[in-house]
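Open the model in your viewer and keep the selection panel at hand. The stops below say what to select and what to look for.

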Amino acid sequence: MTSKKVQDALNKQINAELYSSYLYLSMAAFFESHDLQGFAKWFRLQADEEYSHGMKIFDYMHDIGGKVTLSKIEGPKTDWDSFLSVFQETSKHEQEVTKSINDIVDLAMAEKDHATVNFLQWFVGEQVEEEATAEQNVRKMEMIGDSKSGLYMLNRELGSRVTQ
Ligand code: FEO
């Protein structure tokens, strides 16, 4: 049986994943408002992906006979100083998510909750990818600098994303 402590942490993580979804959707709206539909599409798919992460935990909680308790989702930021700062914030945000996943793994280990430790391994692997992708996007934006044609090309590249 998964302890109340671990269940509370998992519920908190559901909220964090749904907040991530909301944040990325807000970034998508920001790019839409600047006519960068490729960037907007990428962030919209990222928002879908975060929602699916939240639902993965939602389903797991039910599999283990736990109780899902949803809480208020904080309103995300709606404006950014520059396009680069959106990507920088994404990268920083993913590092925070990684820390929060690692903290739950530590807690589950301390509680000898092997099932939850095993369940969270998927998230540990996923965060490696999420951080790498976010950081690559920052590097690409830095390379582009003030180049309008570079921005146009990256907008096209990110807009070609087809799956979560
Ligand atoms: Fe669900 Fe991007 O971490």
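Is Phe 39 buried or exposed? Select Phe 39 to find out: its relative accessibility is 0%, so Phe 39 counts as buried. Keep in mind throughout that this is a predicted model.

**Stop 1: aromatic rings**

Stay with the rings of this model, where the count comes to 14 aromatic pairs. Add Phe 87 to the selection of Phe 39: the ring centres are 5.3 Å apart and the planes stand at 85°, so this pair is edge-to-face. Phe 39 belongs to helix α2 and Phe 87 to helix α3, so the pair ties together parts that are 48 residues apart in sequence. Phe 87 has 2% relative accessibility and therefore counts as buried, the limit being under 20%.

Now select Tyr 60 and Phe 119. Their ring centres lie 3.9 Å apart with the planes at 5°, so this pair is stacked. Tyr 60 is in helix α2 and Phe 119 in helix α4, so many places along the chain apart that the count is 59 residues. Tyr 60 is buried, with a relative accessible area of 9%, and Phe 119 counts as buried at 15% relative accessibility.

Which residues do ring pairs link into a cluster? Select Tyr 24, Phe 30, Phe 31, Phe 39, Trp 42, Phe 43, Trp 80, Phe 83 and Phe 87 together; ring pairs join these into a cluster.

**Stop 2: charges over rings**

Keep Trp 42 on screen and add Arg 161. The charged end of Arg 161 sits over the ring of Trp 42, at 4.8 Å from its centre. Then move to Trp 122 and show Lys 56, which lies over the face of Trp 122, 4.2 Å from the ring centre.

**Stop 3: helix α5**

Select residues 148–159, which make up helix α5. At 1.5 Å a residue, these 12 residues should span 16 Å, and the end C-alpha atoms are 16 Å apart, which agrees. Within α5, colour Gly 150, Leu 151, Leu 154, Asn 155, Leu 158 and Gly 159, which are buried. Turn the view to look down the axis of α5: the buried residues fall within an arc of 160°, so they line one face of the helix. On the other side of α5, pick out Tyr 152 and Arg 156, which are exposed.

What covers the buried residues of α5? Show α2 (37–63), α3 (83–110) and α4 (114–144), which are included in that cover.

**Stop 4: Gln 127**

Go to Gln 127 in helix α4. Its relative accessibility is 2%, so Gln 127 counts as buried. Leaving aside residues up to four places away in sequence, Gln 127 touches Glu 94, Val 97, Thr 98 and Ile 101. Put a distance label between the C-alpha atoms of Gln 127 and Ala 108: these residues are 19 apart along the chain, and the atoms are separated by 18 Å.

**Stop 5: Asn 15**

Finish in helix α1 (residues 4–33), where Asn 15 lies. Which residues does Asn 15 touch, not counting residues up to four places away in sequence? Show Ser 71, Lys 72 and Ile 73, the residues that Asn 15 touches on that count. Asn 15 has 17% relative accessibility, so Asn 15 counts as buried.

Methods: Residues are numbered from 1 along each chain as its sequence is written. This is a predicted model: local features need pLDDT of at least 70, side-chain atom pairs count only at pLDDT 80 or more; totals for chains, interfaces and linings use all residues. Side-chain values use heavy atoms; hydrogens and water are left out. Helices (H or I, at least four residues) and strands (E, at least two) are DSSP runs, numbered from the N terminus. The expected span of a helix is 1.5 Å times one less than its number of residues. Buried means under 20% relative accessible area, exposed over 50%, partly exposed in between (1.4 Å probe, protein chains only). The arc is that of the directions from the helix axis to the C-beta atoms. Contact means heavy atoms within 4.5 Å. Rings of Phe, Tyr and Trp (its six-membered ring) pair if their centres lie within 6.5 Å; planes under 30 degrees apart count as stacked, over 60 as edge-to-face and the rest as tilted. A charge sits over a ring if NZ of Lys or CZ of Arg is within 6 Å of the ring centre and within 35 degrees of the ring normal.
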